[in-house]
Amino acid sequence: MLRSRRILQSISAAAGLLVLLSCGSQHSADEYFVFISTNLQISYWKTAGTGFANAGALLKGARYDFWGPQNYDPKAERDAVDLAIQKKATGILISAADPTLKDSIDKAVAAGIPVITVDSDSPSSKRLFFIGTNNYQAGFNGGQRLAKELKGKGNVVVFTMPDQPNLQDRLRGYKEALAKTPEIKITRVVDIQGDPRIAFDTTTQIAGKERDKVDAFVCLEAQSGKEVASVLNSYHVSGKIVIAMDTDPETLDWIQKGLIAATISQKPYTMAYVGMQMLDDLYHHKPSSLDKDWSVDSYAPIPSFVDTGSDLIDKSNVDAFIQAGKNLSAK
């Protein structure tokens with residue numbers, strides 16, 4: 001009898017879920033979702049774009065676009081937000097590459113458009129919530145791996161873009177992890193200004209005249225790791241530790257060749273896929289206010305942060321990671 005009751009309850013629950021899914025599957029051209037970022041030419045954002053498009057393809061009838069400059073250009077990203085507002089987007093997903101994006105995000109919210117940040121947050125803006133990596137934890141994990149590779153001693157050069165909050169959090173994580181090994185010192189922090197050539201030129205200078213003063217390189221963004229590895233390879237410099245960020249194909253190739261010890265893998269596909277799903281839900285179930293700080297409401301209808309996770313990729317798992325990416329592309 002008990003078993004029969006459970007079966008009936010399961011059938012009832014499944015039927016209810018089908019009704020919800022059926023209601024949620026109604027879409028129209030009135031739904032128009034826009035994903036905005038910078039540096040769209042890099043592998044990371046191509047992967048994110050695939051996630052956004054795959055989620056959008058499930059919303060039969062809805063429209064969606066992925067915009068932004070091909071290089072690091074915050075002004076062009078602001079212009080893209082203005083265009084999304086002009087085109088009356090019903091939801092915006094955005095990676096806030098620069099603090100100045102706050103005003104643009106607030107302008108979109110004032111126009112009645114829900115905004116979700118992904119990858120790089122704008123916590124002082126009126127965005128509803130953030131989807132992405134726990135960047136502090138990612139940096140902390142990288143710092144632990146760096147300390148292990150350096151065996152507790154060495155000088156480190158860091159490549160970053162200091163104005164980006166997500167990179168600030170990563171550096172903070174590294175520093176707190178390295179606090180346990182005081183003989184490891186960050187001796188230089190280099191602002192690459194969105195230009196990987198700065199990482200290339202700086203590493204060239206170090207490889208030529210300062211190689212004995214540097215034991216490791218930490219790259220807090222996606223572009224500099226492969227540049228560092230390329231220079232070290234060209235100058236036949238061995239024994240240096242490189243910890244990269246993200247999974248650009250060239251970065252993975254340098255891991256296979258042993259020039260990069262490890263990279264921290266994020267989940268841009270997941271960020272954009274989940275972001276699209278949540279924008280769609282916000283369209284159908286708009287919160288009572290777009291201005292309210294829902295993070296301080298214990299009964300908020302939306303989260304304040306969705307952690308999509310991160311992992312370390314090294315020689316032990318790089319081949320499996322590459323194969324997983326190929327399997328996704330083949331679907």
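In this predicted model, the buried residues of helix 2 are Tyr44, Trp45, Ala48, Gly49, Gly51, Phe52, Ala55 and Gly56. These residues lie on the same side of helix 2, because they cover an arc of only 160 degrees around its axis. Their cover includes strand 1 (32–36), strand 2 (63–67), strand 3 (91–94) and helix 10 (268–284). Helix 2 itself comprises residues 43–57, which is 15 residues. From its first C-alpha to its last, helix 2 reaches 21 Å, close to the 21 Å expected at 1.5 Å a residue.

## The parallel sheet

Strands 1, 2 and 3 belong to an open sheet of six strands, whose order is 2-1-3-4-5-11 and whose pairing is parallel. Strand 2 and strand 11 (305–307) stand at the edges; each has a single partner strand, so one side of each lacks a neighbour in the sheet. From one strand to the next, the twist averages 15 degrees.

Within this sheet, five bridges join strand 1 and strand 2 in the parallel sense. In this pairing, Val34 stands opposite Asp65 of strand 2. Helix 4 (residues 101–110) packs on the sheet and touches strand 3 and strand 4 (115–118). The direction of helix 4 makes about 150 degrees with that of strand 4.

## The mixed sheet

A further open sheet, also of six strands, has the order 7-6-8-9-10-12, and its pairing is mixed. Its edge strands are strand 7 and strand 12 (311–313), each of which pairs on one side only. Neighbouring strands of this sheet are turned against each other by 20 degrees on average, direction ignored.

Strand 6 (residues 154–160) is mostly covered, with six of its seven residues buried. Strand 6 runs parallel to strand 7 (residues 184–191), to which seven bridges join it. Strand 6 also runs parallel to strand 8 (residues 216–219), here with four bridges. The residue pairs below illustrate how strand 6 faces these two partners.

| Residue | Residue opposite | Strand of the opposite residue |
|---|---|---|
| Gly154 | Ile184 | strand 7 |
| Val157 | Arg188 | strand 7 |
| Val157 | Phe217 | strand 8 |

Together with helix 6 (residues 165–178), strand 6 and strand 7 make a right-handed β-α-β unit. Helix 6 packs on the sheet, touching strand 6, strand 7, strand 8, strand 9 (241–245) and strand 10 (262–265). The direction of helix 6 makes about 165 degrees with that of strand 7.

## Helix 7

Helix 7 lies across strand 6, strand 7 and strand 8, and runs at about 135 degrees to strand 7. At 1.5 Å a residue, the 14 residues of helix 7 (residues 196–209) should span 20 Å, and the end C-alpha atoms are indeed 20 Å apart. Which residues of helix 7 are buried? They are Pro196, Ala199, Thr202, Thr203, Ile206 and Ala207. Seen down the axis of helix 7, these residues fall within an arc of 135 degrees, so they line one face of the helix. The buried residues of helix 7 pack against strand 6, strand 7, strand 8 and helix 8 (224–234). On the other side of helix 7, Arg197 and Lys209 are exposed.

## Individual residues

Ser265 has its place in strand 10. With a relative accessible area of 5%, Ser265 is buried, because buried means under 20% relative accessible area. Leaving aside neighbours within four places in sequence, Ser265 is in contact with Thr247, Gly309, Ser310, Asp311, Ile313 and Phe321.

Two loop residues call for attention on account of their backbone. Most residues other than glycine have a negative phi. Asn39, which is not a glycine, has a positive phi of about 55 degrees. The loop between strand 1 and helix 2 holds Asn39. Is Asn39 buried or exposed? Its relative accessible area is 7%, and Asn39 is therefore buried.

His236 is likewise a residue other than glycine with a positive phi, near 55 degrees. The position of His236 is in the loop between helix 8 and strand 9. His236 counts as exposed, because its relative accessibility is 69% and the cut-off for exposed residues is over 50%.

Methods: Residues are numbered from 1 along each chain as its sequence is written. This is a predicted model: local features need pLDDT of at least 70, side-chain atom pairs count only at pLDDT 80 or more; totals for chains, interfaces and linings use all residues. Side-chain values use heavy atoms; hydrogens and water are left out. Buried means under 20% relative accessible area, exposed over 50%, partly exposed in between (1.4 Å probe, protein chains only). Helices (H or I, at least four residues) and strands (E, at least two) are DSSP runs, numbered from the N terminus. Two strands pair if DSSP finds at least two bridges between them. A crossover is right-handed if, with the strands pointing away from the viewer, the path from the first strand over the helix to the second runs clockwise. The expected span of a helix is 1.5 Å times one less than its number of residues. The arc is that of the directions from the helix axis to the C-beta atoms. Contact means heavy atoms within 4.5 Å. Axes are lines fitted to C-alpha atoms, for helices over the stretch in contact, and angles run from 0 to 180 degrees between N-to-C directions.
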